[in-house]
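Me: Could we go through the strand pairing and the nonpolar packing of this model, one question at a time?

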Amino acid sequence: MKFLSAAATFLVCIAPISATARSLDFFGSSQAPIHAGGKHVEGDNPLEYCVDPATDILQIKSVDLTPNPPLPGQSLTIKASGTLRETIDEGAYVLVEVKYGLITLLKQKADLCEQIANVDLKCPLEKGDMTLTKRVDLPAHIPPGKYSVHADVFSKDDARITCLDAHNIEFKPNF
């Protein structure tokens, strides 16, 4: 369950302020960095946009993960930057879904302003440029399989802030 929290927090936290792959092999340290297969979010990361971000309130400049790919039992550092086109007030929300293969493990609506407290921010998020550096400790044991995480973020007036996906995040058995 700790992994689910880390995965969901990762996307929820970078989505509204980071400006939060087709396959990730977390146990092969010699692998090349992972990148999304669709419209990739700039930087060294596995994120892709769910929809065309041209009209999103958040214009993400870049998101970098260190290490990439992330490794179980190690710290993951997220560095992100972007620009908010308008102030984000209380009442903003995120729709988060985490899947293990075809099984939905988590599907919920969360208060964005409560979630960003995890990265030491608070609402209102003022219009303008923002940067974030956050360290997340990943659990040492993550059940093997393929995971997908989706975060769709909206203002209190239902305007899209951003929408991000990380697909087919694969954890292989640790022998």
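**Strand pairing and nonpolar packing**

Reply: Strands β4 and β5 (residues 103-111) pair in the antiparallel sense over eight bridges, where strands are DSSP E runs of at least two residues and helices are H or I runs of at least four, numbered from the N terminus, and pairing requires at least two DSSP bridges between two strands. This is a predicted model, in which local features need pLDDT of at least 70 and side-chain atom pairs count only at pLDDT 80 or more, while totals for chains, interfaces and linings use all residues. Residues are numbered from 1 along each chain as its sequence is written, and side-chain values use heavy atoms, without hydrogens and water.

Me: Which residue in β5 stands opposite valine 98?

Reply: β4 and β5 form a hairpin with two residues between them, and glycine 101 in the turn has a positive phi of about 65°. Across this pairing, the residue opposite valine 98 is leucine 106.

Me: What is the bridge partner of glutamate 97 in β7?

Reply: β4 also pairs with β7, in the antiparallel sense and over eight bridges. In β7, the partner of glutamate 97 is histidine 150.

Me: Which element gives the most residues to the largest nonpolar core?

Reply: A nonpolar core joins buried Ala, Val, Leu, Ile, Met, Phe, Trp, Tyr and Cys residues through side-chain atoms within 4.5 Å, buried meaning under 20% relative accessible area, exposed over 50% and partly exposed in between, with a 1.4 Å probe and protein chains only. The core has 38 residues, and those touching the most other members include Val41, Ile60 and Leu84. Among the elements giving two or more residues are β2 (58-66), β3 (75-84) and α2 (112-115). With five residues, the element that gives the most is β8.
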